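Good morning, and thank you for coming. I would ask you to look at the sequence and the structure while I take you through a few places in them.

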Amino acid sequence: MDIVTRFAPSPTGYLHVGGLRTALYNYLYARKNKGKFILRIEDTDRTRYQEGAVENLLNSLKLMGIEYDSGPEKEDENGPYFQSKRTDLYNKEVDKLLKDGKAYRCFCTSERLGKLHEEQIKNGKDFKYDGKCRNISLEKSEERAKTEPFTIRLKVPESGQIKFKDKVRGKVKIDYSQVNDQILIKSDGFPTYHLANVVDDHYMKISHVIRGEEWLSSLPKHLLLYHYLDWKPPKFAHLPLLLNEDRSKLSKRQGDVAVKDYLNKGYLPAALLNFLVLLGWNPGDNREIFSLKQLINEFTLERINKSGSVFDIKKLDWMNGQYIRKLDDDSYFEEARKWIDVKNIKEDKLNIALKSLKPRLIKMTDIQEKLKLFTQKKFKIVNEDAKKIISMNSTKVVLKSYIQKINSTDRLTGKVFQKIMNEIQKETGVKGKNLWMPIRIALTGEMHGPELDYIVEYFGKEENIKRVRKHI
RNA sequence: GGCGCGUUAGUCUAGUGGUUAGGACGCCGGCCUCUCACGUCGGCAACACGGGUUCAACUCCCGUACGUGCUACCA
């Protein structure tokens, strides 16, 4: 069987990290099995549609490196890939259902439905449609349809139960008595998710539906639709939810959920992907760092787990740091430049500073702030300990000797600096903190920071002398 | 309320009847001729509870609790 998967978001805002993970799993499964990965836009709810949402979705996916084979801007014979452009198809199929008595027109007003719902809540009953229009004859229904507004509902068996297998959950069974006569076509003529989804998945030849757990409860409706239409249903895999820290469903309230937010904050796409793939899936051994290519190789549906996972930003931070350090220097320099705004610094000089920062970054947005240590022209020593150290007697001795020694070198590199410090230690007998800290403080004003090699080399001979002289 | 699904450390997870319950993040500590970070080494920390089944249950069954999803003319 040919493997075809799909990601089917609705254009109601930005791409959500949970959506990204769903897209990723679908993508990985398709690529792993040399199948196709499709993007379909589910825009049947005109009230929730947001301008620019589709462009945003496409753009986010692109930035994350997830490429689809068919979809918007990649239309082919199975398209169009916007549900709003496929209404004829849905109507054709629902007509069949109507004729076969598998669906029926419902003329109930939303007022009546609202009242019904209220009563059911009050009486503690199941919240279901009461079937008032269920047995209107087809002829009468056709007649009334000419003058009255209506919806079309799925005729769900009144008793019995449905059993099915989910690739993630295993065997699941649900009583039909629990399943509502779902509306298939809304009074505005547009289909609901349930109808459109099944029809599209069938005609787009989807072999595996990999989607969020929130759909598990409505799977009976979908399966029933496949059965009524005499179609072979695809395989299903319902993914565990992504959760907030308090274990509720991941939401905007408790932090960022848009993929763009994370990108803007300086998380690398590869790191975000790597982090997300591990929320609900594992390779079966202790490895944690994976490139997209490796993931394609390793991914299996069988290793997706059942329980929801908390989106732990601390681990994302760690992983992003890993990815930054893993970058080779040239790619790192190139990436870093996107995140900083510096003027009048020569490239190789800037690179020295950047390199010293590389092991210290969590997010790319950290760079600008950390770079200040190098770019600031003036500073005051505010730390009390630093003041103490800089005014010690041994400090004067060390600094004097330091100036003397760098005066007689032509180029002050990190290596030369190490040699000089060695000599100073031997000559003055000062060592450890008392030897090194004076240089650091004189150069930066701080007690903490990157390795001195880089700082010394960055400033060069003249600037070293200038800064150190002030403290003798 | 009903129904579905889930439950190994604070978090992500490995584990499929007999293990000193493994790894990762975080946290704590040692080391890395200055600091902080990186790295490295080590440490703390978990099978929700109660019944079964079995010579033996984290593992199988039932129940309870808790969490979560659905119960829309939203997806």
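I begin with a pair of helices, α18 and α19, in what is a predicted model. These two helices are roughly perpendicular to each other. The axis of α18, residues 433-444, comes within 10 Å of the axis of α19, residues 452-469, and the two cross at roughly 70°. An angle of 65 to 115 degrees counts as roughly perpendicular, and that is why this pair is described as it is.

Which residues of α18 and α19 make the contact? On the side of α18 they are W436, I439, R440, A442, L443 and T444. On the side of α19 they are L452, I455, V456, F459, N464, R467 and V468. By character, nine of the residues in this contact are nonpolar, two are polar and two are charged.

A second pair of helices may be set beside the first. Helix α1 spans residues 17-32 and helix α9 spans residues 269-277; their axes come within 10 Å and cross at roughly 85°. α1 and α9 are therefore roughly perpendicular to each other. From α1, the contact takes in V17, L20, R21, L24, Y25 and L28, and from α9 it takes in L272, L273, L276 and V277. Here nine residues are nonpolar, none is polar and one is charged.

I turn now to RNA strand B. There are 65 residues around this strand, and those that come nearest are K186, S187, E288, R360 and H448. Of the atoms of the strand that come within 4 Å of the protein, 71% belong to sugar and phosphate. The surface near RNA strand B comprises 20 nonpolar, 23 polar and 22 charged residues.

Which atoms of the strand lie close to S10, L278 and S309? For S10, an N or O atom of the side chain is 2.9 Å from a sugar or linking oxygen of RNA strand B. For L278, a backbone N or O atom lies 3.1 Å from a sugar or linking oxygen of the strand. For S309, a side-chain N or O atom is 3.1 Å from a phosphate oxygen of the strand. The elements that give two or more residues to this surface are β6, β11, α11, α17 and α18. α11 gives the most, with five residues.

Let us stay with helix α11, where I324 lies. Is I324 buried or exposed? Its relative accessible area is 0%, so I324 is buried. Apart from neighbours within four places in sequence, I324 is in contact with L268, Y332, K358, L361, I362, K363 and M364. By contrast, I324 and K232 are 92 residues apart along the chain, and their C-alpha atoms are separated by 47 Å.

Finally, I would like to consider two glutamines, each in a loop. Q182 lies between β6 and β7, and Q50 lies between β2 and α2. Q182 is buried, with a relative accessible area of 16%, because buried means under 20%. Q50, with a relative accessible area of 41%, is partly exposed. Leaving aside neighbours within four places in sequence, Q182 is in contact with I152, R153, L154, H194 and K221. On the same terms, Q50 is in contact with P11, T12 and G13.

Thank you for your attention.

Notes:
Residues numbered from 1 in each chain as written. Chains lettered and ligands numbered in written order. Predicted model: local features only at pLDDT ≥ 70, side-chain atom pairs only at ≥ 80, totals over all residues. Heavy atoms only, no water. Axes fitted to C-alpha atoms, helices over the stretch in contact; angles between N-to-C directions. Helix = DSSP H or I, 4+ residues; strand = E, 2+ residues; numbered from the N terminus. Parallel < 35°, antiparallel > 145°, perpendicular 65-115°, else oblique. Contact = heavy atoms within 4.5 Å. Nonpolar A, V, L, I, M, F, W, Y, C, P; charged D, E, K, R; others polar. Buried < 20%, exposed > 50% of the residue type's maximum accessible area, 1.4 Å probe, protein only. Near = heavy atom within 4 Å. Polar contact = N/O pair within 3.5 Å; in protein donor to acceptor, adjacent residues only side chain to side chain.
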